[in-house]
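This report goes through a single protein chain, from its overall make-up to its helices and selected side-chain pairs. The sequence and the structure come first.

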Amino acid sequence: TQSTWGKLKLFLMSKYGDDAANRVFGDIQGVILKALLAVQKVMINDKHCFELYGYDILIDADLKVWVIEVNASPSLSAETAADYDLKFNLLNDTFNLVDLEGRRDPNASEIRLGGFDLIWKDGPVYPPDFERSTIKSFLGTKNELAIPS
């Protein structure tokens, strides 16, 4: 099955074209990054813990991206099958990223893990072949580690 993000990306591509869809997803990634950079000085910086944030994003009729709110403790309860799949895979990817079991190579420099993309490491991080690619953000693309419903 395809993720909610993937369905949204396909809808935008079919209605507005590839360039517009990629611009919207790049803008979503951009507003998330700007929101995090705006509060980085007050965020907890402890290698023994992490925080999960939930973003409520609105896309208006002109395809402008707006942040409605940022939740420091987003709800992880699920009311629908799609919501369950999204949150189950989010938690699965979070635990893979945190790597409690020490399975990942500590010297590896992944830019992508499951549904997570590295977007900042002492500056912006872009997908491989960024300049030549039509995909400017991994957001909304396939999560190879997703557990199917």
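## Overall make-up

Of the 149 residues in the protein chain, 22% count as buried. The model is a predicted one. The protein chain exposes about 10,600 Å², and carbon and sulfur atoms supply 57% of that area.

Three helices and four strands make up the secondary structure of the protein chain. Their order along the sequence is α-α-β-β-α-β-β. Among contacts between residues at least 6 apart in sequence, 44% join residues at least 24 apart.

## Helix 2

Helix 2 covers residues 18-38, which is 21 residues. At 1.5 Å a residue these should span 30 Å, and the end C-alpha atoms are 30 Å apart, so the expected and the computed values agree.

The buried residues of helix 2 are Ala20, Ala21, Asn22, Val24, Phe25, Ile28, Gln29, Ile32 and Leu33. What do the buried residues of helix 2 pack against? Their partners are helix 1 (4-16), strand 1 (54-59) and strand 2.

Leu37 also belongs to helix 2. Its relative accessibility is 31%, so Leu37 counts as partly exposed, the range for that class starting where buried ends, at 20%. Leu37 and Trp120 are 83 residues apart in sequence, while their C-alpha atoms are 9.7 Å apart in space.

## Helix 3

Helix 3 has 18 residues and reaches 26 Å from its first C-alpha to its last, close to the 26 Å expected at 1.5 Å a residue. Asp85, Lys87, Asn89, Asp93 and Thr94 are buried in helix 3. The buried residues of this helix pack against strand 4 (116-117). Helix 3 is followed by Asp99, which has a positive phi, near 60°.

## The aromatic pair

The structure holds one aromatic pair. The rings of Tyr84 and Phe88 have their centres 5.8 Å apart and their planes at 25°, so the pair is stacked. The angle matters to this label because planes under 30 degrees apart count as stacked.

Tyr84 and Phe88 are four residues apart in helix 3, so about one helical turn separates them. Tyr84 is partly exposed, with a relative accessible area of 46%. Phe88, at 35% relative accessibility, also counts as partly exposed.

## Salt bridges

Side chains of opposite charge can pair when their charged atoms come close. How many salt bridges does the count come to? The count is two.

In one of them, the side chains of Lys87 and Asp83 meet at 3.4 Å, N to O. Lys87 and Asp83 both lie in helix 3 (residues 81-98), four residues apart, about one turn of the helix. Is Lys87 buried or exposed? Lys87 has a relative accessible area of 15%, so it is buried, given that buried means under 20%. Asp83, with a relative accessible area of 21%, is partly exposed.

A salt bridge also joins the side chains of Glu101 and Arg103, at 2.7 Å, N to O. Both Glu101 and Arg103 are exposed.

## Leu76 and its contacts

Leu76 lies in the loop between strand 2 (65-71) and helix 3. With a relative accessible area of 38%, Leu76 is partly exposed. Leaving aside neighbours within four places in sequence, Leu76 is in contact with Leu52, Lys87, Leu90 and Leu91. One of these, Lys87, is the buried residue that forms a salt bridge with Asp83.

Which distance separates the C-alpha atoms of Leu76 and Gly54? The separation is 9.9 Å, with their positions 22 residues apart along the chain counted as the sequence distance.

## A nonpolar surface patch

Phe50, Phe95, Val98 and Leu100 form a nonpolar patch on the surface. Together these residues have about 420 Å² of accessible area. Phe95 lies in helix 3. At 47% relative accessibility, Phe95 counts as partly exposed.

Terms used: Residues numbered from 1 in each chain as written. Predicted model: local features only at pLDDT ≥ 70, side-chain atom pairs only at ≥ 80, totals over all residues. Heavy atoms only, no water. Salt bridge = Lys/Arg side-chain N within 4 Å of Asp/Glu carboxyl O. Helix = DSSP H or I, 4+ residues; strand = E, 2+ residues; numbered from the N terminus. Buried < 20%, exposed > 50% of the residue type's maximum accessible area, 1.4 Å probe, protein only. Patch = residues over 30% accessible without salt bridge, like charges linked within 9 Å, V, L, I, M, F, W, Y side chains within 5 Å. Areas by Shrake-Rupley, 256 points an atom, 1.4 Å probe, with all protein chains shown as cover. Contact = heavy atoms within 4.5 Å. Expected span 1.5 Å × (residues − 1). Phe/Tyr/Trp six-rings, centres within 6.5 Å; stacked < 30°, edge-to-face > 60°.
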